[in-house]
Amino acid sequence: YNNELKNLQFIKEFQWGYMYENVFFNVVKNAVAMYVVELLQHCLKQPEPNAELYFFLEDTLKQLDRANDSLTANLPLYFNLLLANELGFRMLGEYSAQTPVLDLKEGLFTGESPVHPNYIINETAQLTSNLYAVKSYSDLENFHLNRHVRRQLLEAYLQFIALHIEDFGELKSFPVLQEVLS
């Protein structure tokens with residue numbers, strides 16, 4: 001029930017649209033879900049309806065619930081890239097021998113290192129380009145990364161989003177996520 005004159009609204013009844021089987025009970029999946037939710041809280045400043053973003057998040061959490069270990073570990077990386085795209089900014093271009101640097105501030109692949117420290121280069125830039133080529137969450141199952149590279153990419157993607165969202169702040173779930181994914 002929605003009463004415009006009151007600050008506190010209430011729900012008389014509800015039912016689950018989807019019954020999660022693993023997210024609540026698997027520590028790693030729960031940490032990924034908490035990261036996804038907190039990332040959204042830091043990105044979304046105004047409470048406005050956005051059906052596309054809702055269905056994107058719903059699909060992400062369902063994919064996480066059904067995911068194997070490889071998909072679970074790679075989901076935060078892919079989610080960061082897709083979320084940036086949903087919010088209206090994305091990394092332009094792709095990795096090549098002529099464009100081995102990904103400028104996180106400008107959001108594009110380039111041939112030279114920028115004067116600021118917000119960029120990734122070579123292997124991490126190439127992996128980012130490869131992640132952008134992934135078409136669905138299920139393809140992440142075959143995307144094998146070691147802990148160190150995954151950590152570097154996650155830090156870079158979080159930095160990319162923070163550079164484009166005003167007053168982004170610091171995520172409390174980020175160190176927890178890094179720890180459980182190690």
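Is Phe56 buried or exposed at 11% relative accessibility? Select this residue in the predicted model: Phe56 counts as buried, because its relative accessibility of 11% falls under the 20% cut-off.

**The Phe56 and Phe79 pair**

Next, add Phe79 to the selection. Phe79 has 0% relative accessibility and therefore also counts as buried. The ring centres of Phe56 and Phe79 are 5.2 Å apart and the planes stand at 5 degrees, so this pair is stacked. Display helix H2 (residues 51-66), which holds Phe56, and helix H3 (residues 69-86), which holds Phe79; the pair thus ties together parts that are 23 residues apart in sequence.

**The aromatic cluster**

Move now to Trp16, Tyr18, Tyr20, Phe24 and Phe25, which form one aromatic cluster. The structure has nine aromatic pairs by the ring-centre rule. Within the selection, focus on Tyr20 and Phe24: their ring centres lie 5.9 Å apart with the planes at 80 degrees, so the pair is edge-to-face. Phe24 counts as partly exposed, with a relative accessibility of 48%.

**The cavity**

Finally, turn to the internal space. One cavity of 30 Å³ or more is found in a search of the whole structure, and the volume of the largest cavity is about 60 Å³. To display its lining, select Arg147, Arg150, Arg151, Leu154, Gln178, Leu181 and Ser182. Helix H5 (residues 147-164) supplies the largest share of this lining, four residues. Colouring the lining of the largest cavity by class gives three charged, two polar and two nonpolar residues.

Definitions and conventions: Residues numbered from 1 in each chain as written. Predicted model: local features only at pLDDT ≥ 70, side-chain atom pairs only at ≥ 80, totals over all residues. Heavy atoms only, no water. Phe/Tyr/Trp six-rings, centres within 6.5 Å; stacked < 30°, edge-to-face > 60°. Buried < 20%, exposed > 50% of the residue type's maximum accessible area, 1.4 Å probe, protein only. Helix = DSSP H or I, 4+ residues; strand = E, 2+ residues; numbered from the N terminus. 1 Å grid on protein atoms, 1.4 Å probe; cavity = no way out; pocket = protein on both sides within 12 Å on 5 of 7 lines; lining within 4 Å. Points joined across faces, edges and corners; volume = space filled by probe spheres on them. Nonpolar A, V, L, I, M, F, W, Y, C, P; charged D, E, K, R; others polar.
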